[in-house]
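I'm opening a fresh page for this structure. These are my notes on what I looked up, in the order I looked.

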Amino acid sequence: MPSNEADTYQALIEDLMYLKLDKLAEELPQIMDKVNRRELNTLEALYLLINKQAGQKKLSSIRNKIMTAGFPHLKELKDFDFTFQAMVNKSQIYDLATLEFTDRAENIVFLGSPGVGKTHLATALGIEAAKKGALTYFIKAHELLAKLRQARDENRLESSLRYYNRYKLLIIDELGFLPILKGDEKILFQIIDKRYEKKSVIVTSNVQFSDWGDLFEDPTIASAILDRLLHHSHVITIVGDSYRTKDLMKKDEEISIERQ
Ligand SMILES: Nc1ncnc2c1ncn2[C@@H]1O[C@H](COP(=O)(O)OP(=O)(O)O)[C@@H](O)[C@H]1O
Ligand SMILES: [Mg+2]
């Protein structure tokens with residue numbers, strides 16, 4: 001122990017920096033002031049210091065989960081205009097945002113034409129999951145299938161499936177947007193089957209279930225995939241205008257009004 005208070009304080013700061021407890025070092029002067037003024041006792045001071053450091057660690061772990069989840073953007077539920085898309089039930093979406101569906105290993109399927117907000121909502125729920133500490137991954141269906149196809153061709157499909165299966169929530173975007181290549185339906189079946197009743201999947205698609213048979217070479221596999229995906233699921237069908245072209249449509253209306 002150093003011989004005087006100033007040296008002890010300096011040594012403490014150095015040790016905190018060495019242990020990378022930078023938040024604790026930053027907060028130390030204010031907390032020490034409060035201890036000296038007898039506004040805090042030793043236990044309270046210790047608690048506050050550790051609590052600030054733990055809070056910082058939690059925040060950086062969440063930030064890390066969000067940054068590595070592969071989201072296309074960081075749009076959240078607060079950025080979604082529910083009045084524009086009247087068919088989307090706001091309270092249902094906020095209910096899903098509690099993430100209880102992931103504890104029950106339920107799935108969500110967003111169906112609808114381009115621009116209605118499927119990817120936005122899937123991403124927003126993914127961000128909520130990451131905020132709650134769930135390991136989450138977002139990937140476009142054709143990228144996922146290409147990665148798994150390559151793994152299969154290199155005889156490492158099992159380990160690749162295990163890799164994706166470690167995510168508590170897997171978001172597969174734009175299923176059916178691009179044609180599903182021959183053989184890929186088996187891979188898709190495996191990834192859905194591995195997670196069935198164990199871990200949640202969010203799927204977005206522009207293809208109605210009744211047309212899924214046409215998506216795949218083998219209709220039996222198509223129905224086996226749908227069967228597992230839909231058994232415990234929330235299906236949200238969005239019929240509405242594209243948010244992407246809403247301003248264009250407004251301009252068209254303005255032009256036609258001007259012409260009248
Ligand atoms: N209701 C909405 N409120 C706010 N932004 C929206 C809404 N719907 C869609 N968007 C935005 O419009 C764009 C297209 O939406 P997106 O979710 O990618 O559509 P989809 O996946 O259904 O094709 C995105 O930039 C998205 O953030
Ligand atoms: Mg999309």
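**Entry 1: a pair across two strands.** I began with L175, which stands opposite S205 in β4. This is a predicted model, so I'm reading positions off a prediction. The strands behind this pair are β3 and β4, and they run parallel, held by 5 bridges. On the other pairing I checked, β2 with β3, I again found the parallel sense and 5 bridges. There K140 has D173 in β3 as its bridge partner.

A reminder to myself: strands in a sheet pair through backbone hydrogen bonds, in either a parallel or an antiparallel way.

**Entry 2: the whole sheet.** In what order do the strands of the open sheet come? I read it off as β2-β3-β4-β1-β5, 5 strands with parallel pairing. Which strands stand at the edges? They are β2 (136–140) and β5 (233–238); each has a single partner strand, so one side of each is left without a neighbour in the sheet. I also looked up the turn between neighbouring strands, which is 10 degrees on average, with direction ignored.

**Entry 3: strand β1.** Next I went to β1, residues 107–112, which is joined to β5 by 6 bridges, the two running parallel. Two of the partners I noted are V235 for V109 and S233 for N107, both in β5. Towards β4, β1 pairs in the parallel sense over 4 bridges, and here F110 stands opposite T204.

Is β1 enclosed or open? I found 6 of its 6 residues buried, so the rest of the structure largely encloses it. I then split the strand by face: N107, V109 and L111 are on one side, I108, F110 and G112 on the other, and all are buried. I checked β3 (169–175) too, and it is mostly covered, with 7 of its 7 residues buried.

**Entry 4: a closer look at N107.** I picked N107, which lies in β1. Why does N107 count as buried? It has 24 C-beta neighbours inside 10 Å, and the cut-off for buried is 20 or more. Leaving aside neighbours within four places in sequence, I listed the contacts of N107 as S200, V201, I202, V203, L229, H232 and S233. I also looked at R195, which is 88 residues from N107 along the chain; their C-alpha atoms are separated by 9.8 Å.

**Entry 5: helices over the sheet.** Which strands does helix α6 lie across? I traced α6 (residues 118–131) across β1, β2, β3, β4 (200–205) and β5, and it runs at about 170 degrees to β3. Helix α7 (residues 141–153) lies across β2 and β3, and runs at about 95 degrees to β2.

**Entry 6: two odd backbone angles.** I went looking for positive phi values outside glycine. N155 has one, about 60 degrees, although it is not a glycine. E174 also has a positive phi of about 60 degrees, and it is not a glycine either. Where do the two sit? N155 lies in the loop between α7 and α8 (157–165), whereas the place of E174 is in strand β3.

Buried or exposed? I counted 8 other C-beta atoms within 10 Å of N155, so N155 is exposed. E174 has 20 C-beta neighbours inside 10 Å, so E174 counts as buried.

**Entry 7: ligand 1.** Which residues come nearest to ligand 1? Of the 17 residues around ligand 1, I noted D81, G117, T119, H120 and Y243 as the nearest. By type, the shell divides into 5 nonpolar, 7 polar and 5 charged residues. I then asked which element gives the largest share of this shell. That is α6, with 3 residues. So α6 has come up twice in these notes: across the sheet and around the ligand.

**Entry 8: domains.** Last, I checked how the chain is divided. The domain assignment gives domain 1 (5–63) and domain 2 (77–246). How many Å separate their centres? Taken over C-alpha atoms, the centres of domain 1 and domain 2 are 44 Å apart.

Technical notes: Residues numbered from 1 in each chain as written. Chains lettered and ligands numbered in written order. Predicted model: local features only at pLDDT ≥ 70, side-chain atom pairs only at ≥ 80, totals over all residues. Pairing = 2+ DSSP bridges. Axes fitted to C-alpha atoms, helices over the stretch in contact; angles between N-to-C directions. Contact = placed C-beta atoms within 7 Å. Near = placed C-beta within 6 Å. Nonpolar A, V, L, I, M, F, W, Y, C, P; charged D, E, K, R; others polar. Domains from an automatic or database assignment. Buried ≥ 20, exposed ≤ 12 C-beta atoms within 10 Å, placed from the backbone.
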